[in-house]
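Q: Could you take a close look at one helix for me, and walk me through its geometry and its surroundings? I'd like the empty spaces in the fold covered too.

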Amino acid sequence: MNSLNTIPINEIPAIDIHSHTGSVHAFSATDCIENGTTEYLLRTMKLANIKISANTSRYAIMPRGSGYSVEGNRQMLKVTEEEGVFMWVTVDPHEPDTFNQAADYLKHPKVIGIKIHPEEHEYELEKEGDKLFSFAAKQNVPILGHAGAKSCMPETYGFFADRFPEIPVIAAHLGSGFDGDPGHHIRAIRESRGGNLYTDTSSMMSLVSNLLEYAIGIMGADHILFGTDSGNYFSPCQRARIDGAFISDCDKKKILFENALKLFPKLESVYLS
């Protein structure tokens, strides 16, 4: 990694910790403006200089409703045969078979942790969290969850991160909140007692002109991961936002790859190859 200190930021390969690929399980009005094909994923990875992309199956979570995660996970595992493509295995408390499936898939070298989506799967994280986080702790893997909706605010992730300090918890979508307050993730991370709560830059909020700078000014960059929400959004835009941010190159490197390598040691050999 020492060689990365001598090249421009935009030439440093990134690790996208929050991406999506695959079809959706039923018609959606956004089908015509989103792209979940593997070809699109690989093309935008190249455009954004993303070496590793960790994906959740779109079939497993969209459109809103429960009961499709087992099949979505099966589809996603096949896509991990592509170079640089890893996956999160989706667990849905409405679909009990996802727990056994996840325990099996987590043995695969390209499955890096558990993804939950309380909003799309229509449950309250506060009510289901004990089951989900205790399962992740038993498997000793990170958990990435959609955050910002009423059903799954960053503060709730912070509560469970404190209860399960042995696993990294990533409350996705820095700056997102149903109430328009951009500070929920920041406050939750600052108040985390175990230091195991993180967020990512996925979603359109990452493009707001001063969000990233504001967040780093308050809490630093050690708990922020690069994420694009690819499939929903155009990942080169998210990459450009980090490259051009008014923050230090040291902080940019933390976000683009260093923080991810600390949380996911299995990625290092692929990243450095």
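Here's a look at one helix first, and then at the empty spaces.

A: Keep in mind that this is a predicted model. The helix to zoom in on is α11, which covers residues 249-263. Start with its length: at 1.5 Å a residue, its 15 residues should span 21 Å, and the end C-alpha atoms sit 20 Å apart, so the two agree. There's a bend along the way, though, of about 55° at Ile 255.

Now for the surroundings. Eleven of the 15 residues of α11 are buried, so the rest of the structure largely encloses this helix. Ile 255, where the bend sits, is one of those buried residues. The buried set also includes Lys 252, Lys 253 and Lys 254, along with Leu 256, Phe 257 and Leu 261. As for partners, the buried residues of α11 pack against the strands β1, β7 (197-200) and β8 (224-225), and against the helices α9 (211-219), α10 (235-243) and α12 (268-272).

One of those partners, β1, turns up again at the largest pocket: β1 (14-21) and α5 (118-121) each give two or more residues to its lining. That pocket has a volume of about 350 Å³. Its lining counts 24 residues, with Met 62, His 117, Glu 120, His 146 and Asn 232 nearest the centre. By class, that's seven nonpolar, eleven polar and six charged.

Closed-off space is another matter: the structure holds one cavity of 30 Å³ or more. The largest cavity takes up about 40 Å³, and its lining is Leu 174, Thr 201, Ser 206, Leu 211, Leu 212 and Arg 241.

Conventions
Residues numbered from 1 in each chain as written. Predicted model: local features only at pLDDT ≥ 70, side-chain atom pairs only at ≥ 80, totals over all residues. Heavy atoms only, no water. 1 Å grid on protein atoms, 1.4 Å probe; cavity = no way out; pocket = protein on both sides within 12 Å on 5 of 7 lines; lining within 4 Å. Points joined across faces, edges and corners; volume = space filled by probe spheres on them. Helix = DSSP H or I, 4+ residues; strand = E, 2+ residues; numbered from the N terminus. Nonpolar A, V, L, I, M, F, W, Y, C, P; charged D, E, K, R; others polar. Expected span 1.5 Å × (residues − 1). Bend = angle between axes of the 7 residues up to and from the residue. Buried < 20%, exposed > 50% of the residue type's maximum accessible area, 1.4 Å probe, protein only. Contact = heavy atoms within 4.5 Å.
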